[in-house]
Amino acid sequence: MRQVELQLTAEDRRTVEEIRSKGVHHAREVNRAHVLWCLDRGIPEAQILEVLGVGRTALWRTRAAYLQGGVERAVFDLARSGRPRRYGADAEARVMALASSDPPEGRQRWTLLELERAARQQFGLGSVSRETVRRILKRTGTGTAAAS
């Protein structure tokens with residue numbers, strides 16, 4: 001199969017060299033930069049695959065991404081939306097208010113188990129888990145007093 005020629009611009013070469021030389025990038029980003037570096041120098045695909053230990057598909061995708069959108073698109077992962085949050089700001093506010101309220105009778109402070117049970121009693125939070133309550137408290141900084 002004929003290898004598609006790839007020539008980096010001078011600016012792209014500097015960017016690739018910077019990624020290859022600095023240890024502040026993810027391994028897959030450094031590997032993609034190495035692939036671009038090799039392709040720019042005309043190294044055969046078979047040799048790139050053998051030396052770098054990447055798959056043929058990874059090499060093809062890196063080349064195609066560079067040709068479509070430059071170094072940024074070829075090396076760095078695109079941001080993904082991820083799974084939507086199940087509980088919004090209103091639910092978080094209710095959990096925080098609950099954690100800030102007086103603990104159950106006979107207790108000095110809330111436990112996660114008790115917070116989970118109390119949150120499940122509230123409208124719209126019927127299936128909230130203990131882990132979700134813990135994450136909400138951690139994210140908002142309310143959890144230090146309640147996470148016992």
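**Exercise 1. Work out how α6 and α7 are oriented to each other in this predicted model.**

Solution. The answer first: the two helices, α6 and α7, lie roughly perpendicular to each other. To get there, take the packing angle between α6 (residues 112-120) and α7 (residues 130-140), which is about 105°. Angles of 65 to 115 degrees count as roughly perpendicular, so this pair qualifies. The axes sit 9 Å apart.

Next, look at who touches whom. From α6 come L112, L113, L115 and E116, and they meet R130, V133, R134 and L137 of α7. Sorted by class, that contact holds five nonpolar and three charged residues, with no polar ones.

**Exercise 2. Find which residues of the largest nonpolar core touch the most other members, and which helices supply the core.**

Solution. Start with the 18 residues of this core: L36 and Y66 touch the most other members. Then go helix by helix: α1, α2, α3 and α4 each put in at least two residues. The largest share, six residues, belongs to α4.

Now zoom in on Y66. Skipping neighbours within four places in sequence, its contacts include L6, L8, D12, L36 and A74. There's also a second, separate core of 14 residues, with Y87, A91, W110 and L125 among them.

**Exercise 3. Check the span of α2, then say what covers its buried residues.**

Solution. With 14 residues at 1.5 Å a residue, α2 should span 20 Å. Its end C-alpha atoms are 20 Å apart, so the two values agree.

As for burial, the buried residues of α2 include V30, A33, L36 and L39, plus E29 and D40. Their cover includes α1, α3 and α4. After α2 comes G42, with a positive phi near 75°.

Notes: Residues are numbered from 1 along each chain as its sequence is written. This is a predicted model: local features need pLDDT of at least 70, side-chain atom pairs count only at pLDDT 80 or more; totals for chains, interfaces and linings use all residues. Side-chain values use heavy atoms; hydrogens and water are left out. Axes are lines fitted to C-alpha atoms, for helices over the stretch in contact, and angles run from 0 to 180 degrees between N-to-C directions. Helices (H or I, at least four residues) and strands (E, at least two) are DSSP runs, numbered from the N terminus. Angles under 35 degrees count as roughly parallel, over 145 as roughly antiparallel, 65 to 115 as roughly perpendicular and the rest as oblique. Contact means heavy atoms within 4.5 Å. Ala, Val, Leu, Ile, Met, Phe, Trp, Tyr, Cys and Pro count as nonpolar, Asp, Glu, Lys and Arg as charged, and the others, Gly among them, as polar. A nonpolar core is a set of buried Ala, Val, Leu, Ile, Met, Phe, Trp, Tyr and Cys residues joined through side-chain atoms within 4.5 Å. Buried means under 20% relative accessible area, exposed over 50%, partly exposed in between (1.4 Å probe, protein chains only). The expected span of a helix is 1.5 Å times one less than its number of residues.
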